[in-house]
Amino acid sequence: GAGGAGGGAGGEEPGVRVSETDDFAGGGEEEEGGVDEAAGEPEVIIDEVDGAGERVLYRGHPAWVSFWRGLLVSGVLLVAGLVGWDFSGWLLFGGLVVALLVYGHMVFMRSMREYLVTERRVEVIHGLISKSSEEVRVCDIRAINVRKEGVKGLIGVGSVEFASAGSDGSDVVFEDVMGAHRLKENVRRLQDKAAAG
């Protein structure tokens with residue numbers, strides 16, 4: 001996962017807990033490398049400390065299911081290559097190469113967006129080398145909207161939009177994340193905790 005290498009510049013590296021639940025607190029049974037069966041990917045709910053010394057409660061990327069077209073194309077090419085094996089080994093090789101290229105493109109596009117929730121802010125980071133980001137402090141969030149569409153929405157994938165009082169639209173958008181409504185409720189709990197403290 002992305003969280004293992006993060007941490008302070010010196011001293012002891014903070015432990016990373018991978019949970020099988022959508023809750024920030026890491027409730028429920030913990031298992032290293034847990035898998036979210038609905039998404040088919042390692043769970044992204046973690047507990048670590050970022051470079052700014054803030055506790056990172058959530059680190060994620062767009063759900064794999066949001067790249068269903070590429071997954072479908074990869075699958076078709078792979079099956080076509082296996083079927084073509086009877087005629088020529090080159091068909092299998094070509095199918096595998098193109099399927100891997102399509103899959104590699106999906107991995108690249110998915111890693112271009114990273115979503116973070118800490119105790120103080122929500123942030124979306126774009127890019128791999130030359131990175132840009134948008135963030136809003138948890139205490140400044142005035143509206144959290146969840147948009148779900150089509151089949152993806154039926155399995156819990158949606159976009160979570162965070163807006164502050166000083167903006168006309170959304171300041172930060174987590175696009176195509178698993179457990180969109182649960183993520184919204186968890187950020188609301190962070191706001192309640194901050195207001196109470």
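A residue counts as buried when its relative accessible area is under 20%. Arg-121 has a relative accessible area of 9%, so Arg-121 is buried. The model you are looking at is a predicted one, and this report walks through its charged pairs, then turns to a patch on the surface.

**Around Arg-121**

Let us stay with Arg-121 for a moment. Strand β6, which covers residues 121-126, is where Arg-121 lies. What do its side-chain polar contacts reach? One polar contact joins the side chain of Arg-121 to that of Glu-54, at 3.1 Å. Another joins the side chains of Arg-121 and Glu-123, at 2.2 Å. The pairing with Glu-123 is also a salt bridge, with an N to O distance of 2.2 Å. Taken together, Glu-54, Arg-121 and Glu-123 are linked in a network of salt bridges.

How does Glu-123 sit, buried or exposed? Glu-123 is buried, because its relative accessible area is 9%, under the 20% limit. If you select Arg-121 in your viewer, you can also look for Leu-190: the two C-alpha atoms are 9.7 Å apart in space, while the residues are 69 apart in sequence.

**Salt bridges**

How many salt bridges are there? The count comes to nine. As general background, side chains of opposite charge can pair when their charged atoms come close. Here are three of the pairs, with the distance between nitrogen and oxygen.

| Pair | N to O distance |
|---|---|
| Arg-59 and Glu-114 | 2.9 Å |
| Glu-123 and Arg-121 | 2.2 Å |
| Glu-161 and Arg-147 | 2.5 Å |

Take the pair of Arg-59 and Glu-114, whose closest N and O atoms are 2.9 Å apart. Arg-59 belongs to strand β4 (residues 55-60) and Glu-114 to strand β5 (residues 113-118), so this salt bridge ties together parts that are 55 residues apart in sequence. Arg-59 has a relative accessible area of 13% and is therefore buried. Glu-114, with 12%, is buried too.

The pair of Glu-161 and Arg-147 has its closest N and O atoms 2.5 Å apart. This salt bridge links distant parts of the chain, with Glu-161 in strand β9 (residues 157-164) and Arg-147 in strand β8 (residues 141-147), 14 residues apart. Which of these partners is buried, and which is partly exposed? Glu-161 is buried, with a relative accessible area of 15%, whereas Arg-147 is partly exposed, with 39%.

**Helix α2**

Helix α2 spans residues 89-111, and Arg-110 has its place there. Arg-110 is buried, since its relative accessible area is 12%. Where does the side chain of Arg-110 reach? The side chain of Arg-110 comes to 2.7 Å from the backbone oxygen of Pro-62.

Phe-93 also lies in helix α2. At 49% relative accessibility, Phe-93 counts as partly exposed, because that class runs between the 20% and 50% limits. Phe-93 is one of the residues in a nonpolar surface patch of about 550 Å². The patch is made by Trp-90, Phe-93, Val-97, Val-98 and Leu-101.

Conventions
Residues numbered from 1 in each chain as written. Predicted model: local features only at pLDDT ≥ 70, side-chain atom pairs only at ≥ 80, totals over all residues. Heavy atoms only, no water. Helix = DSSP H or I, 4+ residues; strand = E, 2+ residues; numbered from the N terminus. Polar contact = N/O pair within 3.5 Å; in protein donor to acceptor, adjacent residues only side chain to side chain. Salt bridge = Lys/Arg side-chain N within 4 Å of Asp/Glu carboxyl O. Buried < 20%, exposed > 50% of the residue type's maximum accessible area, 1.4 Å probe, protein only. Patch = residues over 30% accessible without salt bridge, like charges linked within 9 Å, V, L, I, M, F, W, Y side chains within 5 Å. Areas by Shrake-Rupley, 256 points an atom, 1.4 Å probe, with all protein chains shown as cover.
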